[in-house]
Amino acid sequence: MKLTFKIVLDKRYKKGKDTYPLKVRIYCGSDYKEKSIDLFIPETEWDAASQTVQPSFAEHEMYNAKVLSVKSKVQKQILLADLNDTGTLPEEIIKIAFSNKTAPKTKIDKPCIIKYGEALIKQLTNSGKVGNAFVYSCAVNKLKAFAGDSFPFEDLTYKKLTEFQDCMLAEQIKVNTISVYMRTIRAMFNRAIREGVIPATCYPFSAYRIKNEKTVNRTLTLKEMRSIAKLKLEPNTPVWHWRNYFLLSFCLIGINFADLLTLTGGNIVDGRIVFRRKKTGKIYTIKVHERAIDILRNYADMDKPEKDKLLLPVLKQTCDPVKLKKDIWQAIKTCNEYLVRTAEDCSISKNISTYYGRYTWSNIARSLGYSKDIIGQGLGHSYGNATTSIYLDDYDNGVIDAANAKVIAAVFRR
């Protein structure tokens with residue numbers, strides 16, 4: 001129940017020449033506790049409505065100053081009690097207000113970056129943005145391991161950021177991985193500021209600079225790509241299948257594996273693969289080259305592809321987005337392991353992965369004389385054209401189809 005108070009002239013107790021004590025009375029509902037403030041005045045000198053001593057009283061200024069001081073102390077303790085929501089009783093207010101001790105300070109929880117991040121991860125997951133949720137999860141978990149469960153935004157200062165960075169470097173985490181973590185944390189700060197969770201003064205990235213380093217070249221030469229394509233493997237073995245998926249990705253202009261593994265018969269439209277890339281949301285349309293059809297025939301009826309059936313038999317389901325993402329990551333990991341073994345069999349000393357299909361297509365196209373603009377359009381780069389919504393808008397599809405055909409022919413020529 002809310003506490004209230006007032007200063008009263010207690011006429012029940014008379015002292016001296018018709019003077020009465022002034023008291024502070026603190027109410028909790030109909031109950032109250034009171035305490036004298038050691039001032040005594042005649043009844044005629046007290047203004048009960050304004051709770052002040054009349055100017056006609058000789059010492060009214062000194063008396064009113066003390067009354068005001070008592071009011072201020074009591075009001076402060078009542079406000080603190082309300083903020084703490086501790087159910088403080090009137091006698092406790094009196095005890096604190098008239099002692100030299102201060103009331104227990106209100107504990108106001110500082111916004112915690114870990115809790116904020118975990119809530120954001122849950123929100124992203126529930127909205128189907130599983131990939132983004134995973135990125136945030138990695139960054140938040142790494143920060144949590146460094147700083148603990150209840151780390152406030154405002155404590156992540158420039159000094160703390162550099163300590164966090166140095167800690168990850170000591171763990172031999174790659175600079176570009178650290179960059180991803182830091183950019184994710186920066187994004188959380190920006191979002192929290194926009195939402196009013198924290199003030200802009202908490203922002204530590206004005207001074208801190210996120211570092212990147214040049215990535216290792218992830219391309220195969222034309223000779224190396226030919227050796228992988230022509231390597232004799234036992235049909236229907238795991239390594240044979242994973243090599244097929246890699247070659248199919250290459251034949252589809254380096255299509256991302258997450259998109260490749262989730263293609264269905266419904267994505268085949270008039271001899272083209274039409275899909276929306278998961279990472280960017282852009283729509284792509286790629287002519288299915290006969291070499292790609294040859295690979296796909298091992299897994300699907302290309303004459304009458306089933307609309308709702310996956311073209312490749314790698315994933316078991318696509319309904320649960322979280323499990324689907326994990327299954328895709330596992331598939332990519334497995335494919336990379338087989339690709340490394342395949343590369344070794346071809347005497348290629350590169351840590352080959354699924355990413356090599358995309359960059360190798362670009363590298364070979366460049367060696368065949370195609371311009372950076374055509375290669376960029378083939379890979380889906382928009383070059384700042386904000387109105388581009390369909391893959392290859394700036395070039396006729398036929399130009400890219402022809403380029404892809406030549407790149408594929410260069411690799412699979414007999």
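**Exercise 1. The cavity**

How much space lies in the largest cavity? Work out also which residues and elements line the largest cavity.

*Solution.* Keep in mind from the start that this is a predicted model.

- Step 1: Search the whole structure for cavities of 30 Å³ or more, and you find 1.
- Step 2: The space in the largest cavity comes to about 70 Å³.
- Step 3: Its lining is made of 14 residues, and those closest to the centre are Gly254, Ile255, Phe275, Tyr284 and Arg358.
- Step 4: Now turn to the elements: β8 (283–287) and α13 (372–379) each contribute at least two residues to this lining.
- Step 5: Sorted by class, the lining of the largest cavity has 8 nonpolar, 3 polar and 3 charged residues.

**Exercise 2. Two pockets**

Describe the largest pocket and the second largest pocket by volume, lining and class of residue.

*Solution.* Take the largest pocket, then the second largest.

- Step 1: The largest pocket holds about 2200 Å³ of space. Among its 50 lining residues, Phe134, Val135, Lys279, Trp329 and Tyr355 are the closest to the centre.
- Step 2: Two or more lining residues come from each of α4 (130–147), α6 (175–194), α9 (257–261), α11 (321–345) and α12 (356–367).
- Step 3: The lining of the largest pocket splits into 23 nonpolar, 15 polar and 12 charged residues.
- Step 4: For the second largest pocket, the volume is about 420 Å³. Here 16 residues form the lining, with Ala229, Lys230, Arg243, Arg291 and Phe412 the closest to the centre.
- Step 5: α7 (222–230), α8 and α10 (290–296) each supply at least two residues of that lining, and α8 gives the most, with 4 residues.
- Step 6: By class, the second largest pocket is lined by 7 nonpolar, 2 polar and 7 charged residues.

**Exercise 3. Strands and hairpins**

Trace the open sheet of 3 strands, then follow the chain through β6, β7 and β8.

*Solution.* Begin with the open sheet.

- Step 1: The strand order is β1-β2-β3, and the pairing is antiparallel.
- Step 2: β1 (3–9) and β3 (31–42) are at the edges with a single partner strand each, so one side of each has no neighbour in the sheet. From one strand to the next, the twist averages 15 degrees.
- Step 3: β1 pairs with β2 (residues 19–28) over 7 bridges; for Lys6, the bridge partner in β2 is Arg25.
- Step 4: β6 (residues 268–269) and β7 (residues 272–276) run antiparallel, joined by 2 bridges, and Ile268 lies opposite Ile273 in β7. This hairpin has 2 residues between its strands, and Asp270 in the turn has a positive phi of about 50 degrees.
- Step 5: β7 is joined to β8 by 5 bridges, again antiparallel, with Arg276 partnered by Ile283 in β8. The β7 and β8 hairpin has 6 residues between its strands, and Gly281 in the turn has a positive phi of about 80 degrees.

**Exercise 4. Confidence**

Which elements have the lowest and the highest mean pLDDT, and where does pLDDT stay under 50?

*Solution.* Go from the whole chain to the details.

- Step 1: The protein chain has a mean pLDDT of 86, with 90% of its residues at 70 or more.
- Step 2: Among the elements, helix α2 (residues 90–97) has the lowest mean, 71, while helix α8 (residues 238–251) has the highest, 97.
- Step 3: Residues 102–107 stay under 50, with 10 contacts beyond four places in sequence in the model. Residues 383–394 also stay under 50, with 27 such contacts.
- Step 4: Where pLDDT is low, the predicted coordinates should not be read in detail.

Conventions. Residues numbered from 1 in each chain as written. Predicted model: local features only at pLDDT ≥ 70, side-chain atom pairs only at ≥ 80, totals over all residues. Heavy atoms only, no water. 1 Å grid on protein atoms, 1.4 Å probe; cavity = no way out; pocket = protein on both sides within 12 Å on 5 of 7 lines; lining within 4 Å. Points joined across faces, edges and corners; volume = space filled by probe spheres on them. Nonpolar A, V, L, I, M, F, W, Y, C, P; charged D, E, K, R; others polar. pLDDT = per-residue confidence, 0-100. Contact = heavy atoms within 4.5 Å. Pairing = 2+ DSSP bridges. Axes fitted to C-alpha atoms, helices over the stretch in contact; angles between N-to-C directions.
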